[in-house]
Every structure is written in C-alpha cells, then in structure tokens.
Amino acid sequence: MALAHKKSSLPVSEERRRFQRVKVHLLGRYMLPDRREFPCQIINMSPGGLALLAPGIGNVGDRVIAYLDHIGRVEGKITRILDNGFAMTVGATARKRDKLAAQLTWLANRDILNLPEDRRHDRIIPRNPIAMLTLEDGTKMTCRIIDMSLSGAAIAAENRPPLKSLVLLGKVQSRVVRNLEDGFAIEFIHAQLAETLEDSVTAR
C-alpha cells in the first residue's frame, strides 16, 4: 500500500490532504492546550494528519500532543470537529514523515496479512506496581510489575512460572513468554485498553 503525494490536479478539498490516509486502529492518549489528557482511538492516519475518536474535544486551531501505540509522539493542530472526535494535522520533518509512511504501511499490511503484534507499545510503570498473579494450577502469588504496555508486562518475582504457561495478572489472561534477570515477561492474550489497563492488572 503506497503512501504517495497526491497530484495537484485534484480538487481543492483533496489538495489540502497531501497524503493518502490509511485505516488503522491504534490506541493512544492526547493532551489539549489546557493540559487535560484523554484516551483515544485512531481511525485513519497519513504522514500529514489523522482522525481520532476522542471523549474530549478542543477547538479548531488548538494544539494537540498525542502518544500513539506503534507510532510514538505526534503533535499538530485540530483542523475540524467530527462526530465523537476530531481531525488534526501532524507536524513533522520530511524525514519523520518518511518514517511515518513506513510505519503506516507496515500497520496496514499487518492488518491485511494478520501479522503478529510487534512489541513497540509504549511501556509505563503503574502507580501501584503490586499485583496478584494466578498460576495455571490456581496458585496465587504476589508480584511486582516492573513495567507494562497494552500488550504485556515485565514481572519481578522470586518464582518463575514455566514458559508458555497461562497465568492471570489481576484479571488479565496472559502467557509467559520469556525469563528476565529478576523475573519474567508475559504477553496479554488480548490487547488491553489504555484507560482500564492499570485497574485490570492490579485487580484482586
């Protein structure tokens, strides 16, 4: 799927959109000028702009900073208000736009080809890192979450469950994927939502 510049012979409404948008379903967070932060879901994106579903909507012209899974930090200005969201520009250098084009092509092809999830979710440290881990045999053990993302977590614990075994971190179904120096890493069976992630993994 190419992300080429559109030709100048297009109508004015299309001329403003200089890049072809692709449908992507990415989760993230964004901040409005008043510093309020909200979760969001991107519905389409190009190297020059994006449209997102969002609970908090600013005004046309407002500056927005967003952190998107697989993409990272982007910033721009709101260009129009949509039903349940808004569209915004993406301010970037030519080099960053080329990188975005490659990332979006990969994401679009991943959805078409059903490629496995990559591991570039932004990782965060929970406010309350202590969690309950339930092993495959029902045994419960207290552990500490080193960091986590929407797709998995690194766990510090004295005992390591067998690789590929199924566990529950809080109430999130997970699989042990590798050992770490002071614990092990798990991958969530289903990708989590940013706004409920911490409550889900620390649920007892």
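**A walk through the predicted model**

I57, V60 and I81 make up a nonpolar patch on the surface, and together they have about 250 Å² of accessible area. The structure shown is a predicted model. One member of the patch, I81, sits in strand β5. Its relative accessibility is 44%, so I81 counts as partly exposed.

Strand β5 is a good place to start on the charged contacts. The structure holds 5 salt bridges. One of them joins R63 and E75, with the closest N and O atoms 2.7 Å apart. This pair links distant parts of the chain: R63 belongs to strand β4 (residues 63–68), E75 belongs to strand β5 (residues 72–82), and the two positions lie 12 residues apart in the numbering. Neither end is hidden by the cut-off used here, because buried means under 20% relative accessible area. R63 has a relative accessible area of 43% and is partly exposed. E75, at 24%, is partly exposed as well.

E75 has a second partner. It also forms a salt bridge with R73, and here the closest N and O atoms are 2.6 Å apart. R73 has 38% relative accessibility, so it too counts as partly exposed. E75 is the shared partner in these two bridges. Salt bridges that share partners thus join R63, R73 and E75 into one network.

Another salt bridge lies elsewhere in the chain. The side chains of E198 and R127 meet at 4.0 Å, N to O. E198 lies in helix α3, while R127 lies in the loop between α2 (94–113) and β7 (130–134), so the bridge ties together parts that are 71 residues apart in sequence. The two ends differ in cover. E198 is buried, with a relative accessible area of 15%. R127 is exposed, with a relative accessible area of 75%. The cut-offs explain the labels, because buried means under 20% and exposed means over 50%.

Helix α3 leads on to the largest pocket. This pocket has a volume of about 470 Å³. Its lining has 16 residues, and those nearest its centre are R29, I124, L150, A194 and L197. Two elements give two or more residues to the lining: β1 (22–31) and α3 (197–201). Helix α3 supplies the largest share, 3 residues. By type, the lining divides into 5 nonpolar, 3 polar and 8 charged residues.

Next come two backbone details in loops. Phi of N84 is near 65°, a positive value in a residue other than glycine. N84 is placed in the loop between β5 and β6 (85–89). With a relative accessible area of 59%, N84 is exposed. K164 also has a positive phi, near 75°, and it too is a residue other than glycine. Its place is in the loop between β9 (152–156) and β10 (166–169). K164 has 69% relative accessibility, so it counts as exposed.

The loop between β9 and β10 also holds A157. Here the cover is of another kind. A157 has 15% relative accessibility and counts as buried, because that value is under 20%. A157 and T142 are 15 residues apart in sequence, and their C-alpha atoms are 7.9 Å apart in space.

A final pair brings in helix α2, where A94 lies. A94 has 57% relative accessibility and counts as exposed, because that value is over 50%. A94 and P47 are 47 residues apart along the chain, and 9.4 Å separates their C-alpha atoms.

Put the stops together. On strand β5, I81 belongs to the nonpolar surface patch, and E75 belongs to the salt-bridge network with R63 and R73. The loop that follows, between β5 and β6, carries N84. Helix α3 carries E198, which pairs with R127 in the loop between α2 and β7. Helix α3 also gives 3 residues to the lining of the largest pocket. The loop between β9 and β10 holds buried A157 along with exposed K164.

How values were computed:
Residues numbered from 1 in each chain as written. Predicted model: local features only at pLDDT ≥ 70, side-chain atom pairs only at ≥ 80, totals over all residues. Heavy atoms only, no water. 1 Å grid on protein atoms, 1.4 Å probe; cavity = no way out; pocket = protein on both sides within 12 Å on 5 of 7 lines; lining within 4 Å. Points joined across faces, edges and corners; volume = space filled by probe spheres on them. Helix = DSSP H or I, 4+ residues; strand = E, 2+ residues; numbered from the N terminus. Nonpolar A, V, L, I, M, F, W, Y, C, P; charged D, E, K, R; others polar. Buried < 20%, exposed > 50% of the residue type's maximum accessible area, 1.4 Å probe, protein only. Patch = residues over 30% accessible without salt bridge, like charges linked within 9 Å, V, L, I, M, F, W, Y side chains within 5 Å. Areas by Shrake-Rupley, 256 points an atom, 1.4 Å probe, with all protein chains shown as cover.
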